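Colleague: I am new to this structure and would be grateful for a close look at a single part of it. Which residues lie nearest the centre of the second largest pocket, and which elements line that pocket?

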Amino acid sequence: MIPVLERALPLNALFHEDSALYESSRDSLHAFLLAIEAGGPLPNEFPREALRGFQTFGSSLGESERIEFTVHGLPTARLDRSARASILERSDLESLILQDTLSGRVTALDTEKQTFTLIGRDDKHIGGRFSDPELTDDFVEAIDQKQAAMLMRLTCDVAVGRDGAQLGVTDVSAIEAFLADGHPLRQRLLLLAGLKAGWLDGGGEVVDMTALEMVRDFSQALIDAQEPSRMVAFPMPDGGVELEWRQGTRDCSLEVHSDLSIQSHELDSATGDDRLDRFEHLRDAIGRFCG
């Protein structure tokens, strides 16, 4: 989807706005972004104090997303994650803000100051804060000693330094538990989430969190639709996850690779039928086995 934002000009406004300031600002920003994209020097006329706006502007852009700025008759200027990193490198900014999701275990919670520490899946500690007081109960639940192994996923704003290192969480918009206590694969999936790089005789990638969540959701759909027997999950060398279960006379497996490609395999022990399927979306795999 490509949303387009245009500047509307009122036809019957009581007072006609002076567009000179807007056009000057637009042209200055456009020239600045073109210079960033070309790797050239920053335009002298671009105000250096305006650079701080890029600490948050564009923070929600994904890896393949960008904002395009067009001025009639001139090349299109683009702002993406790479451009924001270049702005950081060539300015006096110490950090940029990126919207991200982090997984780990929450510790050292201070409910009065609304600060916390997150121990990531790589065992690195990152400090953070949250502004929404309604998230306090969620953080308290996450740090409850009775649920010390609870793996959480935080949707948050992260300050990233010049070297790409995460400096801290500046705010949190959502926090959720990775697995409910009653899920039959809870301990197994938590074990997979805790695997370090090299788990397979020195090889083996860290299990991708999204692939793990997809297997969690698929296995829950299986449980809701029926009671599969012998359901177990395994890590894959590329960082993906494989789920195996028995469904009637069929031995079934679902592989979610680290690139989030999905395929299934079924072998019917009664008829000898062998079937391999590939799915574009998880919902298609759920429909195939749980519909």
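Modeller: The account below begins with the pocket, follows the strands around it, and then turns to other parts of the chain.

This is a predicted model, in which local features need pLDDT of at least 70 and side-chain atom pairs count only at pLDDT 80 or more, while totals for chains, interfaces and linings use all residues. Residues are numbered from 1 along each chain as its sequence is written, and side-chain values use heavy atoms, with hydrogens and water left out.

A pocket is defined on a 1 Å grid over the protein atoms alone as an open set of points with protein on both sides within 12 Å along at least five of seven lines, whereas a cavity is a set where a 1.4 Å probe fits but cannot get out; lining residues have an atom within 4 Å of a point. The second largest pocket holds about 380 Å³ of space, a volume being the space filled by probe spheres set on the points, which are joined across faces, edges and corners. Its lining consists of 14 residues, and Leu102, Gly120, Arg121, Asp122 and Gln166 are those nearest the centre. Two or more lining residues come from each of strand E3 (95-110), strand E4 (115-120) and strand E5 (125-129); E3 gives the most, with 4 residues. Here helices (H or I, at least four residues) and strands (E, at least two) are DSSP runs, numbered from the N terminus. By class, the lining has 5 nonpolar, 5 polar and 4 charged residues. In this scheme Ala, Val, Leu, Ile, Met, Phe, Trp, Tyr, Cys and Pro are nonpolar, Asp, Glu, Lys and Arg are charged, and the others, Gly among them, are polar.

E4 and E5 run antiparallel and are joined by 5 bridges; strands count as paired if DSSP finds at least two bridges between them. Leu118 has Ile126 in E5 as its bridge partner. In a regular strand the side chains alternate between the two faces of the sheet. Along E5, Ile126 and Gly128 point to one face and are buried, while His125, Gly127 and Arg129 point to the other and are not. Buried means under 20% relative accessible area, exposed over 50%, and partly exposed in between (1.4 Å probe, protein chains only).

The loops of this region also deserve attention. Most residues other than glycine have a negative phi. In the hairpin of E4 and E5, with 4 residues between the strands, Asp123 takes a positive phi near 70°. Gln114, in the loop between E3 and E4, has a positive phi near 60°. Gln114 counts as buried because its relative accessibility is 17%.

Asp201 offers a contrast elsewhere in the chain. Asp201 sits in the loop between helix H4 (186-193) and H5, with a positive phi near 50°. Its relative accessibility is 83%, so Asp201 counts as exposed.

Helix H1 (residues 20-38) contains His30, and Ala31 is also found in H1. His30 is buried, with a relative accessible area of 4%, whereas Ala31 is partly exposed at 28%. Beyond its neighbours within four places in sequence, His30 is in contact (heavy atoms within 4.5 Å) with Phe69, Val71, Leu74, Pro75, Thr76 and Ala77.
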